[in-house]
Structures are given as C-alpha cells and as structure tokens.
Amino acid sequence: MITVNVPSDVQHTLVTALQDAGTNECGGVLMGEHVGHNHFAVRHLTVQGGGRFASFVRGTRSALRALGQFFKQSGHDYTRFNYLGEWHSHPSFSVQPSGTDHRSMLDIVTNPKVGATFVVLLIFKLGRNGRLEGSAHTYLPDGTVTASTLVFEGPL
Ligand SMILES: [Zn+2]
C-alpha cells in the first residue's frame, strides 16, 4: 500500500487551479519525494487545462520543462526525487478514476519509454466550503491497480 502526502503549499496550488478551471477539468504531472517505505510526498506539480483537458498530458513542453527544472533543483537525485504520476480534477463528479483514467494510467506505467516501476493517479475536486477532496490510486506494470492512501498535510 502506497501513501501519498500532499503538503499544504501543494494543496494551495491545487485549490487555486481548481477554482480557476471552474467546471472544466485541469491536471498535470506530479513530482514526488520518496520519504519512507512506500511513502511519497508531492513536492511539485504542473497545472494544465481549462477547456478540453486530456488526461494524458505528459510530453507537453511545459510539463517537460517543469520536470527538468525539478530534477535540477533536486540535484538529479532520482532515487529520492522522481516522476510520481499524474493528477487531474473531476469538478462535478466523484473523485474515483473512470475507465478511461485506468486505461491512460496503465498505458503510462507499461510504456517502456517512461520506465516507471509504478505510477500514482491523484484525482481532486473542491467539495463543499471549497475544501479539497481527493483519491489516490497506484498502477503497476503488471496491470495491478490499488487504492492508495492520500494524506492532506497540516491546515490549509
Ligand atoms: Zn478522470
């Protein structure tokens, strides 16, 4: 079971992105730090979207630039800081992944060019009172999908 922490500064970025996107989906790439056994913290994420957002956003120029910047800042310490997965919003329905979401994530984790041993999908929405709600799922190259634990750190 993988646990993913979302620090309060990242929560703030997410709330702003979700507010800006309104009823449109938004999403991006997650970069994480390995903080313990099966335990990761989101350190940076890219925000794309508004309008028609395709859940497969990797490969866009801004995401790649953000990844490059993140690796530079983290000293190219890939065992500690690395690509963690993807996130997107479900502004007006459940934060559980759709069939398309599952297929997109399995495409990523089985893509030899990505070379990931697992990828995480985080889905967020703004609940009542503008509070962040979310779900976390982990995908393995053998096709396994497991619900994971999402932890919102500290007060927003
Ligand atoms: Zn989705």
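User: What percentage of the 156 residues in the chain is buried?
Analyst: This is a predicted model, in which local features need pLDDT of at least 70, side-chain atom pairs count only at pLDDT 80 or more, and totals for chains, interfaces and linings use all residues. Residues are numbered from 1 along each chain as its sequence is written. A residue is buried if 20 or more other C-beta atoms, placed from the backbone, lie within 10 Å of its own, exposed if 12 or fewer, and partly exposed in between. The buried share is 32%.

User: Which strand gives the most to the largest nonpolar core?
Analyst: Such a core is a set of buried Ala, Val, Leu, Ile, Met, Phe, Trp, Tyr and Cys residues joined through C-beta atoms within 7 Å. This one has 30 residues, and those touching the most other members include Val4, Leu45 and Leu122. Among the elements that each supply at least two residues are H1, S5, H3 and S6 (DSSP runs numbered from the N terminus: helices H or I, at least four residues; strands E, at least two). With 6 residues, the top contributor is S6.

User: Why are the buried residues of H3 on the same side?
Analyst: The buried residues of H3 are Ser104, Met105, Ile108 and Val109. They lie on the same side of H3 because the directions from the helix axis to their C-beta atoms cover an arc of only 130 degrees.

User: Which strands help cover the buried residues of H3?
Analyst: On the other side of H3, Gly99 and Thr100 are exposed. Contact means C-beta atoms, placed from the backbone, within 7 Å. The cover over the buried residues of H3 includes S5, S6 and S7.

Methods. Two residues are in contact if their C-beta atoms, placed from the backbone, lie within 7 Å.
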